[in-house]
Amino acid sequence: MIVGLVVVVALIVIRLNDDGPTMPDQIVLPDGVMATALTIGQGWWAVVTDDSRILIYDQVTGALKQTVQIDQ
C-alpha cells in the first residue's frame with residue numbers, strides 16, 4: 001500500500017510539472033500564444049489557447065481552418 005501511495009503522489013507531481021500538451025509538428029501557433037489543451041478529431045486538431053480561443057487545424061496539411069473566440 002505504501003508503494004502504491006508513493007506512485008500516486010509521484011504521478012501527481014509529474015502531471016503538475018507538465019508544460020502543457022505536446023503539439024504535433026504540423027501545427028504552428030500564432031506568436032505569443034500558448035496551448036492549454038489539444039483535442040484530436042477525425043481529420044482535424046483543436047487547440048485551446050491561453051487567450052481564450054479554439055484554433056481548428058487540418059490534420060493533413062496543418063493549415064488553420066477556423067478560429068472560435070470563447071466568451072468569458
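Here is a quick tour of this protein, from its overall build down to a few individual residues. Keep in mind that the model is predicted. The protein has 1 helix and 4 strands, and along the sequence they come in the pattern α-β-β-β-β. The strands make up an open sheet in the order S1-S2-S3-S4, paired antiparallel.

**Overall build**

- With 72 residues, a compact globule would come out near 11 Å in radius of gyration, but this protein has 16 Å.
- Along the principal axes, the C-alpha atoms take up a box of roughly 50 × 30 × 20 Å.
- Just 22% of the 72 residues count as buried.
- Take the contacts between residues at least 6 apart in sequence: 9% of them link residues at least 24 apart.
- About 5,500 Å² of the protein is exposed, and carbon and sulfur atoms supply 61% of that area.

**The sheet**

- The four strands run S1-S2-S3-S4 across an open sheet, with antiparallel pairing.
- Strand S1 (35-41) and strand S4 (64-69) sit at the edges with a single partner strand each, so one side of each has no neighbour in the sheet.
- On average, neighbouring strands of this sheet are turned by 20° against each other, ignoring direction.
- In a regular strand, side chains alternate between the two faces of the sheet.

**Strand pairs and turns**

- S1 and S2 are an antiparallel pair with 6 bridges, and threonine 39 has alanine 46 in S2 as its bridge partner.
- The S1 and S2 hairpin has 2 residues between the strands, and glycine 43 in the turn shows a positive phi of about 90°.
- S2 and S3 are also antiparallel, over 5 bridges, with tryptophan 44 standing opposite aspartate 58 in S3.
- The S2 and S3 hairpin has 3 residues between its strands, and serine 52 is the residue in the turn with a positive phi of about 65°.
- S3 and S4 pair in the antiparallel sense over 5 bridges, and here tyrosine 57 stands opposite leucine 64 in S4.

**Around the S2 to S3 turn**

- Serine 52 sits in the loop between strand S2 (44-49) and S3.
- Its phi is worth a look: serine 52 is not a glycine, yet phi is positive at about 65°.
- Serine 52 has 14% relative accessibility, and because buried means under 20%, it counts as buried.
- Next comes arginine 53, which belongs to strand S3 (residues 53-58).
- Arginine 53 has a relative accessibility of 18%, so this residue is also counted as buried under the 20% cut-off.
- The arginine 53 side chain makes a polar contact with the side chain of aspartate 51, at 2.9 Å.
- Leaving aside residues up to four places away in sequence, arginine 53 touches Pro30, Val33, Val47, Val48, Thr67, Val68, Gln69 and Ile70.
- On the other side of the turn, threonine 49 lies in strand S2.
- Threonine 49 is at 4% relative accessibility and therefore counts as buried.
- Again leaving aside residues up to four places away in sequence, threonine 49 touches Val33, Met34, Ala35, Thr36 and Leu55.

**The helix and the loop after it**

- Valine 13 is part of helix H1 (residues 2-16).
- Valine 13 has 43% relative accessibility, which means that it counts as partly exposed, between the 20% and 50% cut-offs.
- Valine 13 and valine 47 are 34 residues apart along the chain, and their C-alpha atoms are separated by 24 Å.
- Valine 28 is in the loop between H1 and S1.
- With a relative accessible area of 62%, valine 28 is exposed, because the cut-off for exposed is over 50%.
- Valine 28 and leucine 64 are 36 residues apart in sequence, and their C-alpha atoms are 8.8 Å apart in space.
- That leucine 64 is the residue in S4 that stands opposite tyrosine 57.

Definitions and conventions. Residues numbered from 1 in each chain as written. Predicted model: local features only at pLDDT ≥ 70, side-chain atom pairs only at ≥ 80, totals over all residues. Heavy atoms only, no water. Buried < 20%, exposed > 50% of the residue type's maximum accessible area, 1.4 Å probe, protein only. Polar contact = N/O pair within 3.5 Å; in protein donor to acceptor, adjacent residues only side chain to side chain. Contact = heavy atoms within 4.5 Å. Pairing = 2+ DSSP bridges. Axes fitted to C-alpha atoms, helices over the stretch in contact; angles between N-to-C directions. Rg over C-alpha atoms; globule rule 2.2 N^0.38 Å. Areas by Shrake-Rupley, 256 points an atom, 1.4 Å probe, with all protein chains shown as cover.
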